[in-house]
Amino acid sequence: MVPVRTPDVKCVLFVKKIKLNRYSGRLLVGSTLKLKATVLPKNATIKSVKWTTNKKSIATVSSTGRVLGTGEGIVKIKASAKDGSGKSATCILHLVEPIE
């Protein structure tokens, strides 16, 4: 009898929820804010998130969650799971010009 090799099977534990360290706030134009995402469950296979902004003219966001205010207005910063689960969390920021 010839031995049959079975392929390695890997189980993927998808993200069920993403929590942020804040969900709303104010930010001065020209200032930065660090957002932090916590992926649940803690033993999810892929724990990384992708950061995006809905208005690049108002705020930019880095791959590590650092937000830079570039203009006045309201912006949504989203952290989306990279595992294909479709889970995300959003922070809404109101950006204002500093008073001099």
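Start your selection at Gly 25, which counts as partly exposed at 22% relative accessibility (buried is under 20% relative accessible area, exposed over 50%, partly exposed in between, with a 1.4 Å probe and protein chains only). Gly 25 belongs to strand 2, residues 24-28 (strands are DSSP runs of E with at least two residues, numbered from the N terminus).

Before you go on, note that this is a predicted model: local features need pLDDT of at least 70, side-chain atom pairs count only at pLDDT 80 or more, and totals for chains, interfaces and linings use all residues. Residues are numbered from 1 along each chain as its sequence is written, and side-chain values use heavy atoms, with hydrogens and water left out.

Now add Asn 43 and draw a distance: its C-alpha atom is separated from that of Gly 25 by 30 Å, with their positions 18 residues apart along the chain.

**Strand 1 and its partner**

Next, select strand 1, residues 17-20, where you will find Lys 17. Which side chains point to which face here, and which are buried? Ile 18 and Leu 20 share one face and are buried, while Lys 17 and Lys 19 point to the other and are not. In a regular strand, side chains alternate between the two faces of the sheet. Lys 17 itself is partly exposed, at a relative accessible area of 46%.

Bring in strand 4, residues 37-40, which pairs with strand 1 in the antiparallel sense over four bridges (two strands pair if DSSP finds at least two bridges between them). Look across from Ile 18 and you will meet its bridge partner in strand 4, Val 39.

Keep Lys 17 selected and add Lys 19, Lys 36 and Lys 42: together they form a positive surface patch. Patch members have over 30% relative accessible area and no salt bridge, and like charges are joined within 9 Å; a salt bridge would be a side-chain nitrogen of Lys or Arg within 4 Å of a carboxyl oxygen of Asp or Glu.

**A cis bond and a look back**

Step to Leu 40 and Pro 41, which are joined by a cis peptide bond with omega about 0°. Pro 41 sits in the loop between strand 4 and strand 5 (49-53). Most peptide bonds are trans.

Go back to Leu 13, in the segment before strand 1. Leu 13 is partly exposed, at 31% relative accessibility. Select Lys 47 as well: the two C-alpha atoms are separated by 9.9 Å, although the residues are 34 apart along the chain.

**Strands 5, 8 and 9**

Select strand 5 with strand 8, residues 73-81; they run antiparallel and are joined by five bridges. Trp 51 stands opposite Ala 79 in strand 8. Then add strand 9, residues 88-96, which is antiparallel to strand 8 and joined to it by eight bridges. Here Lys 78 stands opposite Thr 90. Six residues lie between the strands of this hairpin, and in it Gly 84 takes a positive phi near 85°.

**Last stop**

Finish at Lys 55, in the loop between strand 5 and strand 6 (59-61). Lys 55 is partly exposed, at 37% relative accessibility. How far is Lys 55 from Asp 8, C-alpha to C-alpha? The pair is 43 Å apart in space and 47 residues apart in sequence.

Technical notes: Patches are made of residues with over 30% relative accessible area and no salt bridge: like charges are joined within 9 Å, nonpolar side chains (Val, Leu, Ile, Met, Phe, Trp, Tyr) within 5 Å. Accessible areas come from the Shrake-Rupley method with a 1.4 Å probe; for residues, only the protein chains shown count as cover. Lys and Arg count as positive and Asp and Glu as negative; His and the chain ends are not counted. The place of a charge is taken as NZ of Lys, CZ of Arg, CG of Asp or CD of Glu.
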